[in-house]
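The exercises below ask you to read a protein fold from its elements, its contacts and its buried residues. Please work through each task with the structure open before turning to its solution.

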Amino acid sequence: MKAEQVVEKILSQAQQEAQAILDQARSRIQQRRADLQGSRQNYAQQTEEKAKAAGEDKLARMLAAARMDLQKKRLAARVDLLNEVFEKARQKINALPEEAYLDLMSRLIMKAAQTGDEEVLVGAQETRLNQKCIKQINQKLGPGFKGNLRLSDEKADIDGGFILRRGKVRINASTGVLIDQMRQDLEIDLAAELFAE
């Protein structure tokens, strides 16, 4: 073989090896591109899923906060309404016509009297619940009572109603306490209704 043929053969083999290496490199690059594309799509999908989950979580928290805020506002509105209603009820009781007021107080005193010899304290501004009314109540007290209720000279710090006192025992039936008792009963019902929703 001549030197030219040997050189040509070597160059041909080198060229074939170079082409094989180049083809193999191209194949690896294509495989890496495909792997990278798959990884990129997988990453994009995971990122989208995480973003969606985070968005749903944030939305759920925002909705829960909005519901809680709405419930607080509803409760505040109901409390304001109750305050207004009970204040008006207290004022209406105190502003009842004399006959209706005395009838109500007489029934309350007869119900609250335990022995019939209690002392009746009224507010400083009270003029309707007087000695004449106490005398009529004493006459109405049935069997088992002494009928010795007496109007105290001492005035209580109340704006309506009365306080029955016997020794250290006091029964407060002032309009403020009566309204507060009704309010507590209604607030329990209101709370049950609110938290049942």
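Two strands count as paired here if DSSP finds at least two bridges between them. The coordinates belong to a predicted model, and every value in the solutions is computed from that model.

**Exercise 1. The sheet**

Task: Establish the order of the strands in the open sheet, and decide which strands stand at its edges.

Solution. Begin with the pairings, taking one couple of strands at a time. Strand 1 and strand 2 are joined by four bridges in the parallel sense, and within this pairing V122 has K155 of strand 2 as its bridge partner. Strand 1 is also joined to strand 3, here by three bridges and in the antiparallel sense; L121 is partnered by I163 of strand 3, while V120 stands opposite L164. Strand 3 in turn pairs with strand 4, antiparallel and over six bridges, where F162 has A173 as its bridge partner and R165 stands opposite R170.

Putting these pairings together gives an open sheet of four strands in the order 2-1-3-4, with mixed pairing. Strand 2 (150-156) and strand 4 (169-174) are the edge strands, and because each has a single partner strand, one side of each is left without a neighbour in the sheet. From one strand to the next, the twist averages 25°.

**Exercise 2. The turn and the end of strand 4**

Task: Describe how strand 3 is connected to strand 4, and determine whether S174 is buried or exposed.

Solution. The two strands form a hairpin with two residues between them, and G167 in this turn has a positive phi of about 65°. S174 belongs to strand 4. Its relative accessibility is 5%, and since buried means under 20% relative accessible area, S174 counts as buried. Once neighbours within four places in sequence are set aside, the contacts of S174 are with I158, G160, G161 and F162.

**Exercise 3. The faces of two helices**

Task: For helix 2 and helix 3, find which residues are buried and decide how they are arranged around each axis.

Solution. First check the length of helix 2: its 15 residues, at 1.5 Å a residue, should span 21 Å, and the end C-alpha atoms are 21 Å apart, so the two values agree. Next, list the buried residues of this helix, which are Y101, L102, M105, S106, I109 and A112. Seen down the axis of helix 2, they fall within an arc of 135°, and therefore they line one face of the helix. The other side of helix 2 has E99 and K111 exposed. The general rule behind this reading is that an α-helix has 3.6 residues a turn, so residues three or four places apart point the same way.

Helix 3 can be treated likewise. Its buried residues are C133, I134, I137 and N138; because they cover an arc of only 140° around the axis, they are on the same side of helix 3. The face turned away from that buried side carries K132, K135 and Q139, which are exposed.

Finally, ask what the helices pack against. Helix 2 lies across strand 1, strand 3 and strand 4, running at about 25° to strand 3, whereas the buried residues of helix 3 pack against helix 2, strand 1 and strand 2.

**Exercise 4. The nonpolar core**

Task: Identify which members of the largest nonpolar core touch the most other members, and which element gives the most residues to this core.

Solution. The core has 23 residues, and those touching the most other members are I109, V120, L129, I134, L149, F162 and L164. The elements that give two or more residues are helix 1 (3-94), helix 2 (98-112), strand 1 (119-123), helix 3 (131-140), strand 3 (161-166) and helix 4 (175-196). Helix 2 gives the most, with five residues.

To follow one member in detail, take I109 and leave aside its neighbours within four places in sequence: I109 is then in contact with V120, L129, I134, I137, L149, F162 and L164. Burial of the central strands can be checked as a last step. In strand 1, five of its five residues are buried; in strand 3, five of the six residues are buried, so this strand is largely enclosed by the rest of the structure.

**Exercise 5. A residue of helix 1**

Task: Determine how far A54 is from G123 in sequence and in space, and how exposed A54 is.

Solution. A54 lies in helix 1. A54 and G123 are 69 residues apart in sequence, and their C-alpha atoms are 64 Å apart. With a relative accessible area of 45%, A54 is partly exposed.

Note on methods. Residues are numbered from 1 along each chain as its sequence is written. This is a predicted model: local features need pLDDT of at least 70, side-chain atom pairs count only at pLDDT 80 or more; totals for chains, interfaces and linings use all residues. Side-chain values use heavy atoms; hydrogens and water are left out. A nonpolar core is a set of buried Ala, Val, Leu, Ile, Met, Phe, Trp, Tyr and Cys residues joined through side-chain atoms within 4.5 Å. Buried means under 20% relative accessible area, exposed over 50%, partly exposed in between (1.4 Å probe, protein chains only). Contact means heavy atoms within 4.5 Å. Axes are lines fitted to C-alpha atoms, for helices over the stretch in contact, and angles run from 0 to 180 degrees between N-to-C directions. The expected span of a helix is 1.5 Å times one less than its number of residues. The arc is that of the directions from the helix axis to the C-beta atoms.
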